[in-house]
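Student: Could you take me through one part of this model in close detail? I'd like a single connected account rather than a list.

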Amino acid sequence: MHRIYLDNNATTPLLPEVFQAMRPYFGEHFGNASSIHHHGQQTRAAVENARDSVAALLGCRALEIVFTSGGTEADNLAIAGLVAAGDHVITSSIEHHAVLLAFKHLEDIGVDVTVLPVDGRGLVDPADVRRALRPNTKLISVMMANNETGVLQPVEEIGKIAAEAGVCFHTDAVQAAGKVAIDVKQIACHALSISGHKLHAPQGVGALYVRKGTGLRPLFYGGRHERSRRAGTENVPGIVGLGKAAKIAKDALDRGEDKMMADMRNRLQQGVLAQVGEAGVNGDGAARVPNTTNIHFDHIDGEAMVIALDLKGVAVSTGAACSSGAIEPSHVLIAMGLRPDQARASIRFSLGKQTVAEDIDYALALVSETVARLRELSPKYTKQTVSTER
Ligand code: PLP
């Protein structure tokens, strides 16, 4: 069966060039990057080369990059590493669970957590951030791009507020890295998380940018790897893959390829809205990463839609991959004010570097046909409102 993958916010396929770059580090270049002999020197050089590429993608210095096992660890390291009992922190209601549940744990050990709302577009109001500041506020953590809607948060404004207040600012940029240009100096953040598998590098590797001079307690205790910020023998093939993917992403952004991605996404979105009635874009009116659109198709069940599309070879998602299977509607869409039935009827389409125009045409034809069929089957749906029958 011809398969089209439009779930790149869940994970992206490894680019062949990335796999080629990694391959020697599974074989002949096997050394421990901490060893002083030839084998160690070879892998150390590869790790440091990757660090340079990741730093170039984020606009920082190589020594400010800490390699981790992924986005979840990067978020947890930033949060647990910067905050202690008695501190106050500010975050938002639409964060990934890697952030929200890390804060929940800190609440149990005596940290005060303010969770800010978002508006109907899914945006945090920087004025709310300012109002939430307290004398003991230690950290603000607001994501750069939301994984479900792709909505970009006003991180530069929040960074300014944090700087004026002398508070640390962390941003989860897992869904932004490689999709939009990032410059940590513009954002004025102290920490920024990225994950390899969201930018065509392998799963199980990520990085945390930590601004030089920022005191960060490690999550793991052990060797003095990563300048004592992350103990554990480096995942050399993974890190090499992340470095190669970061370089490819940076070059593509410099060539303006994000605009082509946005064109394809917009064509899909506009096509769907033109063909299907009682549907709308979640996060419409806000700036979004170029690869994502999240659409609510009223009167359908999102899970049924995902299964129906999958049977025809198109992979999409109802929201965050980690919570699919859960009965609860997406916390992100609910925070944006969607009714639970609308949140459950929402589908995320996320494009990747491998997506081509034909994929969009195929998905477009299938989506309108599938929505019409599911609505026909729904006892709650009145037939005359099916737009394709108008
Ligand atoms: N943060 C965001 C916004 C994400 O979308 C994800 C993954 O879905 C993560 C963090 C976690 O990253 P990882 O899967 O690398 O642990």
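Tutor: Happily; let's look at helix α11 and what packs over it. The model is a predicted one, and in it the cover over the buried residues of α11 includes the strands β10 (292-297), β11 (314-315) and β12 (346-350), together with the helices α13 (340-344) and α14 (357-377). Which residues of α11 are buried? The helix spans residues 302-311, and its buried residues are G302, M305, V306, A308 and L309. Viewed down the axis of α11, these buried residues fall within an arc of 165°, so they line one face of the helix. The spacing fits a general rule: an α-helix has 3.6 residues a turn, so residues three or four places apart point the same way. Now turn to the other side of α11, where I307 and L311 are exposed. By exposed I mean that over 50% of the relative accessible area is left open, while buried means under 20%. Put together, α11 has a buried face lined by G302, M305, V306, A308 and L309, and I307 and L311 are exposed on the other side. Continuing along the chain, α11 is followed by G313, a residue whose phi is positive, near 95°. Among the elements named above, β11 (314-315) is part of what covers the buried residues of α11. As you rotate the model, try looking down the helix axis, with β10 and α14 as two of the elements that cover the buried residues.

Key
Residues are numbered from 1 along each chain as its sequence is written. This is a predicted model: local features need pLDDT of at least 70, side-chain atom pairs count only at pLDDT 80 or more; totals for chains, interfaces and linings use all residues. Side-chain values use heavy atoms; hydrogens and water are left out. Buried means under 20% relative accessible area, exposed over 50%, partly exposed in between (1.4 Å probe, protein chains only). Helices (H or I, at least four residues) and strands (E, at least two) are DSSP runs, numbered from the N terminus. The arc is that of the directions from the helix axis to the C-beta atoms. Contact means heavy atoms within 4.5 Å.
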